[in-house]
Each structure stands twice: as structure tokens, then as C-alpha cells.
Amino acid sequence: MNELNIPFNKPYMTGKELQYISQAHAAGILSGNGPYTKHCQKWLEDNLGTQKALLTHSCTGALEMAAILADIQPGDEIIMPSYTFVSSANAFVLRGGIPVFVDIHASSLNINEMLIESAITSKTRAILPVHYAGMACNMDAIMAIADRYGLIVIEDAAQAIMSSYKGRMLGTIGHMGCLSFHETKNIISGEGGALLVNDIRFALRSEIIREKGTNRVEFMKGRSDKYSWQDIGSSFLPGEITAAFLFAQLEKSHEITAERVAIFRRYHKAFIKLDFEWLRLPVIPDDFLINGHIYYLRLNSLKLRNIFINKMADMNINCVFHYVPLHNSMAGKKYSKSPSSLSVTEEVSDSLVRLPLWFGLTKKNQDRVIKSTIKVLEEINTL
């Protein structure tokens with residue numbers, strides 16, 4: 001008899017989402033920036049330590065807002081990794097910016113800060129570190145480089161809520177940070193995101209941009225007798241139903257994070273005992289607090305990675321790979337440039353596989369994943 005399928009991801013509900021949605025409906029406020037939007041923003045400000053948090057309809061929207069706030073103009077360059085989701089680059093390409101891809105560390109899979117300075121030109125405007133799998137980039141080094149050259153740092157912390165770097169929450173260290181609440185993330189609202197404004201000089205304009213370029217927020221606060229078109233902008237707000245769902249999740253974020261980290265560490269404890277030269281595991285620096293977003297293995301080649309995924313699927317366990325590097329995509333070749341080799345990025349893209357990890361994954365099913373993974377890896381080692 002076949003065992004039941006273990007999905008790669010399963011969205012979790014705390015039990016209060018529908019209650020809060022009902023309350024939002026009863027209050028008669030379903031458009032953006034209502035009470036639940038404000039509850040969520042205050043929670044983020046209080047718990048993450050940012051100057052201002054603004055909910056958005058997606059992390060993509062937050063990145064697009066950040067590109068506007070950074071005043072990206074046609075021809076401006078933004079240094080970032082190629083091993084990331086398309087929104088990281090697309091938000092800047094929409095403004096006429098040019099993503100400049102540099103390679104990543106083989107250990108952290110994050111941007112190699114030692115390659116950033118050599119990629120800086122007179123056209124460089126910003127640096128976009130992406131905290132892959134909720135693991136922190138070397139933010140001290142990145143901020144020091146930005147300070148030397150007068151650059152803006154925008155953290156792509158889509159995967160990193162509740163992770164920290166030397167005691168500071170990811171997304172709150174750069175001038176701006178962007179979070180995701182997509183259903184594949186730790187804390188979810190289906191679709192959703194947030195812009196974290198850590199440099200107060202961007203605060204007022206961020207509200208205007210989010211409100212379609214108007215000063216509606218100032219009007220609603222009684223600071224203006226009317227509101228009108230002030231700046232460029234768009235409709236970046238989520239609706240109140242999305243915010244109500246999200247608030248239920250934020251209330252349990254510490255519990256959700258703790259369980260995900262426990263699963264991550266249980267996997268790691270089991271696999272670190274394996275002695276295969278071709279197998280690589282995540283590296284966890286001592287001074288970083290992780291959030292258990294992704295547990296991955298690296299299997300040395302595309303062939304071995306595909307064998308692993310297929311064999312796990314035969315045992316009804318859904319494992320997936322991750323990004324096709326942006327510099328190898330059709331749009332990446334058209335809109336971006338790479339001043340140096342991206343060999344680590346390409347190697348990681350061909351070799352990385354992600355294991356099931358979600359709140360509610362039972363210990364019985366964790367054991368299934370662990371035992372099946374070890375069995376498949378041992379089989380691969382004989383090939």
C-alpha cells in the first residue's frame with residue numbers, strides 16, 4: 001500500500017483568520033489601509049524594529065516602491081545576485097534600471113560581498129542583497145561599501161521574516177527592506193508583502209507612492225484639507241481582508257518560526273552525519289538567527305539532483321529545485337549585465353534541491369522524509 005503524499009509546502013491557518021476577516025467585513029472597511037492594515041504595520045514596527053512598515057499587495061510591489069524611492073533612472077545600475085526570483089530584478093528594470101549580477105558564496109548562497117566593489121561604476125545607484133532561505137548576507141560589509149560610495153541598500157528579505165543578523169532583524173538593516181507573505185513563505189496572507197522604511201527620509205514619500213501618488217494619508221490624518229496628485233505612484237495597498245488574514249498569522253509568528261526552525265534543525269542533525277564528498281548542506285553561522293524557511297541539499301550535479309527528485313517522488317515525497325539564474329533567462333540577457341563569472345550561481349542552480357518544510361509537518365512525516373532522503377542518497381552514492 002502506497003503511503004500518502006507529503007507535499008513540498010502546505011499553507012497553515014492559525015484558526016483566527018476567518019474570525020478577523022468577518023470582523024473586517026462587519027466594520028464595513030474592505031479597501032486598503034483600514035484597521036487591520038494598521039494593526040499589521042504596528043506589529044511589524046514593534047517586533048522587527050523598523051522606522052515604518054507599509055503593507056503592500058506583494059513583495060514585488062514593495063520592491064517596485066523601493067525602486068521609485070531610490071529614484072532609479074534609465075541607465076542606473078543595481079548590484080544584485082542572479083540567484084533570486086525575477087521580481088528582484090524586474091522592479092528596477094521597470095524604472096529603466098540595469099541589474100548588475102555578481103556571484104554568490106558557495107556556503108551561504110548569498111551575494112558575495114567581496115565582488116561588489118569591483119562591480120561599482122559611475123552609474124551604480126543601489127545594492128540589493130537577497131537573504132536566501134532566510135540566511136543573512138554579510139550586511140556589515142555591504143553597508144560599509146554602500147556608505148563609501150553613497151549607495152542605497154534595499155534588502156530583499158522576501159524569505160527572511162524573523163531571521164536576524166547580529167541581533168538585528170533582516171529587512172531592517174538597509175535603507176529599505178522588502179518582505180513577502182506569499183503562501184509559500186513562513187507567515188502568509190495568500191499574496192502580500194511589506195516595505196520596511198528604515199531611513200526616515202523616505203517615510204513621507206513612501207506613503208504618497210503607495211497611495212497612487214496622492215497625499216491621501218496626510219488628508220486622512222487631518223494634516224491637509226484635501227488630497228491630490230503629488231508624485232508618481234500606484235495602487236500598492238492590499239485589501240483589508242488580506243490584512244485581517246495576515247494579522248492572525250503575525251500573532252503566531254514566533255510559534256510558527258520556532259516549529260519551522262525545529263524541523264530545519266532535525267533535518268540538519270540527521271544529514272550532517274552523512275559522509276558523502278559530493279553532498280553539501282546549509283551552513284549556519286553562530287551569530288545569525290534563522291527562521292527555518294528552506295532546508296536544502298546540494299547534490300553536485302544536475303543529473304544527481306534530478307535522480308534524487310524522481311526517486312523521492314516515487315516514494316510520494318515532493319521535493320523541488322529552485323531558481324534558473326536570471327542572467328541565463330531571455331529577459332536577463334536583454335536587460336542586465338554581469339561583469340564577472342557567475343560559476344557558483346550556475347553550479348548551485350544545477351545542484352540544489354529543497355525538502356518539504358512547513359508548519360504542521362508531523363514528526364512521523366519528518367521521519368519519512370529523513371529516512372527516504374538517506375536511502376536515496378545512499379543509492380546515489382553507489383552510481
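## A mixed sheet and its helices

In β9, L196 is the bridge partner of G177. This is a predicted model, and that residue pair is a handy place to start reading it. Strand β8 (residues 176-180) pairs with strand β9 (residues 193-197) in the antiparallel sense, over 5 bridges. As a reminder, strands of a sheet pair through backbone hydrogen bonds, either parallel or antiparallel.

Now step back to the whole sheet. It is open, has 7 strands with mixed pairing, and follows the order β1-β9-β8-β5-β4-β2-β3. At its edges stand β1 (52-56) and β3 (98-102); each has a single partner strand, so one side of each is left without a neighbour in the sheet. On average, neighbouring strands are turned by 25° against each other, direction ignored.

Next come two helices to look for beside these strands. Helix α3 packs on the sheet and touches β1, β5, β8 and β9, while helix α6 lies across β4 and β5. Their angles are set out here:

| Helix | Strand for the angle | Angle |
|---|---|---|
| α3 (residues 59-69) | β8 | about 165° |
| α6 (residues 139-149) | β5 | about 150° |

If you are tracing the strands by number, β5 covers 152-156 and β4 covers 124-127.

Finally, have a look at the surface. Which residues make the nonpolar surface patch of about 300 Å²? They are F219, M220 and Y227. F219 has its place in helix α8 (residues 216-220). With a relative accessible area of 30%, F219 is partly exposed.

Methods
Residues numbered from 1 in each chain as written. Predicted model: local features only at pLDDT ≥ 70, side-chain atom pairs only at ≥ 80, totals over all residues. Heavy atoms only, no water. Pairing = 2+ DSSP bridges. Helix = DSSP H or I, 4+ residues; strand = E, 2+ residues; numbered from the N terminus. Axes fitted to C-alpha atoms, helices over the stretch in contact; angles between N-to-C directions. Contact = heavy atoms within 4.5 Å. Patch = residues over 30% accessible without salt bridge, like charges linked within 9 Å, V, L, I, M, F, W, Y side chains within 5 Å. Areas by Shrake-Rupley, 256 points an atom, 1.4 Å probe, with all protein chains shown as cover. Salt bridge = Lys/Arg side-chain N within 4 Å of Asp/Glu carboxyl O. Buried < 20%, exposed > 50% of the residue type's maximum accessible area, 1.4 Å probe, protein only.
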